[in-house]
Amino acid sequence: MSNIAGKAYAMNVITPIRWYMTWVNRLIFRIVQWFPGVLTGLVTLSLIHYARWVIVGRRQFPHLHPDQPKEDLTYSYMLFFSNFNGSWDQYVDSFTFAIPKGLDLFWKGNIRYPRSVPLTPFHDYIRYNQIETIHYYSAYPLATANDVKAAKKVKAALLDFDIRCGGDDVSPEEFHTRYKALLRHLQNDLGTMRPAPIISMAAAQVQKRLERDQRKAAERAARIAPAPRTVDVPAGKDEEAETIDG
Amino acid sequence: MTRQLDLFDIQGNVIRAYGRFSFPVARYVLLRIDDGAEGRRFVDAVTRRVTTSVDWGNAPGQVPKPKVAVNIAFTYAGLKALGLPRASLAGFPAEFVMGMKKRKDILGDDGPSAPEHWDPVWRGDQVHMLVTLNAQSPQDLEDGWRWLEDVTAARGGKVVILRGHRGPAGADDLPYQEAKAVYENGKPTPKEHFGYADGISDPVFEGMPGRTSQSVIGRGKQTDNGWEPLATGEFLLGHLDEAQEYPKAPQPFSLSKNGSFMVYRKLHENVGSFNALLDREAKAYPGGRELLAAKLVGRWRDNGAPLVDAPDQKSKLAWDERFGRASPQEQDRMLSGYTFDKDPHGARCPFAAHVRRINPRASLETTKGAFDTPGALANRRRILRRGLPYGEVTDPTRDDGEHGIVIMMVNASIERQFEFVQQQWINYGNDFFAGNDKEAILGNHSEELPSRMVLPVEPDSDDAPYFVRNIPRLVETRGGDYFFVPGMTALRMIAAGMVDPT
Amino acid sequence: MADKSGNATALTVLCPIRPGHLGEVAYADEVKCRLLEWNTRENSPMAKVPQTYLCRYFVLDDVFTEALAGAEGRGTILDALAFKFRYFYRLGLPKQDHLKSRYLVFSTNFHGDLDAYLEGMWQAIEADLRGIWQFCWDFDRVHDGRSFAGYMKRCRLDVSLFFVGSTDDPLEEQLKSLYLKQEFGQFVLDHQGMEPAALQQAFRAFMDRVKPRDVRGPSWSPGQYRLGRQWEKA
């Protein structure tokens, strides 16, 4: 299983809520949409690609066939899916430190929700109610939400610049002045994108890292004193980057 | 909110950076325990001489300032060797149990920083105890060293001072790590080998002695009501932390109370590469060599003036002039009491500068008022920094001398504080909207995937931002581990073999 | 329903799995195995599904409650009553809920219209989808993109709040932009301090190479996790 796809982490949390709280929660979520300022904290944290809350009424589990047994539940359920950047700890911590009131608002109706401060009971609450993702896909494992947003700005700026200064009628000096302005505009959007810091301690990942280290050591040695290569790299996905020469 | 801490119960190196209190020389000694009972007798003998956090003085009833400050700490392997019960051992945090070597992937200790290049003393699991001797003079240090040798010898060979520290002239079998302040004109300075004044700002937490309402500015946490001290539990176990709970700590309570965790790291400084980088980039950088050097760290080299208050030559001169006229308190304020509030673009102090990465203060709240408090994301990532430089630079064009710093970082949670800053803020840049761009000085830059650092300019200026390219690895890890620094009560219990979580 | 934010769409489906077994492996566990096998491939099959930003699969075996200290008002009243009447004590404890079926959960974030997405998904990876979904109730009726989309809509859950912290652009736009960001960052570094005339020439050459307007031109591939030309889209 893997909750990680490059720089993105998939969190799934399922918690029970009393059937009558479904209406309260749905209302809260609707209000949040009308007054987006409530989400300022989340936006400023800038850690999330996409996240959603889903409320499944106790009689709303999909029933597709007469032979399928109907669910008979006491509680309704709130599902929370998040695609975020950074480690689990960083994410849960930043919610608690930065937007504790927001969290309490969304999870208030849930059975035995402990509130987001102090930290450990909240950590435990999320951890015990979290379900592992078996298969997780990101279209851009090398990019965080910040990178995607910065990239949009870069593309727009480049196209705009091209319209204004791409022609032959622009002198080199004029070009240079505008180019500097372009760089000023994008100065904090040009960070390099490379693989994520190591989070996974899964045995398979540790093994892959070990093999990669050994391979690289052999390559370094081979550069100094060429010798027949004996280490073969197993094909397959890992979290590391390989350069063209690597 | 003031509180009284039991200073008699806290080891002195937690509260004080001895280097700044006229203890300019030190030896850091690593030991192995081969017999639990002998190990406990050793701990007992050392504990009687351990320096606590009390204020010193010569009046009757006061504790006089020692010639040698002695402190002791243990790895997980060491606590096990001393016979701590299994139930106590099981309560230590996972990263402490693993030890720093096994965490190399998380810390980015790869390539030249990998454990296979560390000083031989760190091989295997033999490091059990760390005894630090901080002395007022070299002679005092020798006296302290002889005392330690005697105490060890009395254990009949069952407690061993480990050899294998590297030293000058190619030595690699020394029985201690030598450390001393960098001297200029015969006087110790707070500088390190790249030429920067180090250890200027240290966090201030509740109950810290000597704290005034002034020193908390810049060193505490930024709230809507101004500066406040950080919660004690961020640095001392057994006290409430910023999340209003007790930090994770082993049982029984008296084992962990007033103790802390310490990360010891020996960091070699590639002085040659550093100077070559400055030489190379200063040719192209419009602001000149010293400003470029300042941009890498966030402070000017000569006197530590914060870039955010003195972003160019002109303002630096004005700052120096004010500094020269200022009282010691005012000087302290000028050095530590700054924020990044007026520098949202990083034009004064770049986002990849050292001081901004290890303590962003309130600057991560990019939309004012978005968070519960302005410093919400930085308050729980603070670290007390201790230690001294080691070695001397004989040839500033070379990397291969034996010189650097030994940094000892004290915090209540190694994983949440040190490891987080190391992994997410030093070797990575997403929280600063900088992709994978690393911190300039400490980042684990590699040749394969060359590092860059942007020096932004004000949006309304006419200049272009400057990119420092191909930053070489300036600092390499040469050794270290995670240690538990017990309080005095805990030390006595450990020595007596009376730790009992039943 | 709040499943759209701008042009970004959120879809969450819970598909009930039949209670049979394949050899000695329960259908639900077989689904898990097949999803695990997807992890071993060069890249996810979902990389071939157009407009997919991020998506995930797991199997919901059961619901569970972690009983923590309750501080709600109802809890306190019940505690007070429980002193006298044991019935109220038991009433205050959380009930144990159990599901009668196990569900395949698929949650995806994508650009654009739901039907187009689902039909595109079927066109791209029908065999893989059959492999995973064949054990779900009533899936035998699905035979083409349309019926697949219809099936998924029967299993769809209402989204109460969809938060977009990134952009809602078409996937090709996002990938092209990321490619441009990376390339332009390198260009800026390589040409720092160059004379204006040479810089202008070099910039033109750069724009010719990276073709910023052409999302079909050089770009990052969906799901690309390695750096280097040979992994990008030419």
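These are my notebook entries on chain C and its contacts in a predicted model.

**Entry 1: confidence**

I began with the scores, and the model has ipTM 0.92 and pTM 0.92. For chain C I found a mean pLDDT of 90, with 87% of its residues at 70 or more. Chain A has an average pLDDT of 82, and 83% of its residues score at least 70.

Then I looked for weak stretches. In chain C, residues 68–72 stay under 50 in pLDDT, and the model gives this stretch six contacts beyond four places in sequence. In chain A, pLDDT stays under 50 over residues 229–246, a stretch with 43 contacts beyond four places in sequence. I note for myself that predicted coordinates should not be read in detail where pLDDT is low.

**Entry 2: chain C against chain A**

How many residues does each chain bring to this contact? I found 101 from chain C and 105 from chain A. Together the two chains bury about 9400 Å², and carbon and sulfur atoms account for 62% of that. I looked up which three residues give the most of the area that chain C buries here: they are R56(C), F163(C) and K181(C), and they supply 9% of it.

Next came the polar side of this interface. Five salt bridges turn up between chain C and chain A. One of them joins K152(A) to D169(C), with the closest N and O atoms 2.9 Å apart. I also noted 43 residue pairs in polar contact between these chains, both residues being at pLDDT 80 or more.

Which elements of chain C give two or more residues to the side that touches chain A? Among them are the strands β2 (8–17) and β7 (159–164), along with the helices α1 (27–40), α5 (145–154) and α7 (196–210). The element that gives the most is α6(C), with 14 residues, and α6 spans 171–190. By class, I wrote down 53 nonpolar, 27 polar and 21 charged residues for this side of chain C.

**Entry 3: a sheet across two chains**

I followed the strands next and found an open sheet of five, in the order β6(A)-β5(C)-β6(C)-β2(C)-β1(C), with antiparallel pairing. Why do β6 (135–138) of chain A and β1 (4–5) of chain C each have one side without a neighbour in the sheet? Both stand at the edges with a single partner strand, so one side of each is left free of a neighbour there.

The link between the chains is the pairing of β6(A) with β5(C), which is antiparallel and runs over four bridges. Here S138(A) has L54(C) in β5(C) as its bridge partner. Within chain C, I counted eight bridges between β5 (residues 52–60) and β6 (residues 102–111), again antiparallel. On that pairing, V59(C) stands opposite L104(C) in β6(C).

**Entry 4: chain C against chain B**

I closed with the contact to chain B, to which chain C and chain B each give six residues. The area buried between them is about 580 Å², with 54% from carbon and sulfur atoms. Three residues, V188(C), L189(C) and Q192(C), supply 78% of the area that chain C buries against chain B, more than any other three.

I found zero salt bridges between chain C and chain B, but two residue pairs in polar contact, both at pLDDT 80 or more. The side of chain C that touches chain B holds three nonpolar, three polar and no charged residues.

How values were computed
Residues numbered from 1 in each chain as written. Chains lettered and ligands numbered in written order. Predicted model: local features only at pLDDT ≥ 70, side-chain atom pairs only at ≥ 80, totals over all residues. Heavy atoms only, no water. Contact = heavy atoms within 4.5 Å. Buried area = accessible area lost by both parts, 1.4 Å probe. Salt bridge = Lys/Arg side-chain N within 4 Å of Asp/Glu carboxyl O. Polar contact = N/O pair within 3.5 Å; in protein donor to acceptor, adjacent residues only side chain to side chain. Nonpolar A, V, L, I, M, F, W, Y, C, P; charged D, E, K, R; others polar. pLDDT = per-residue confidence, 0-100. Pairing = 2+ DSSP bridges.
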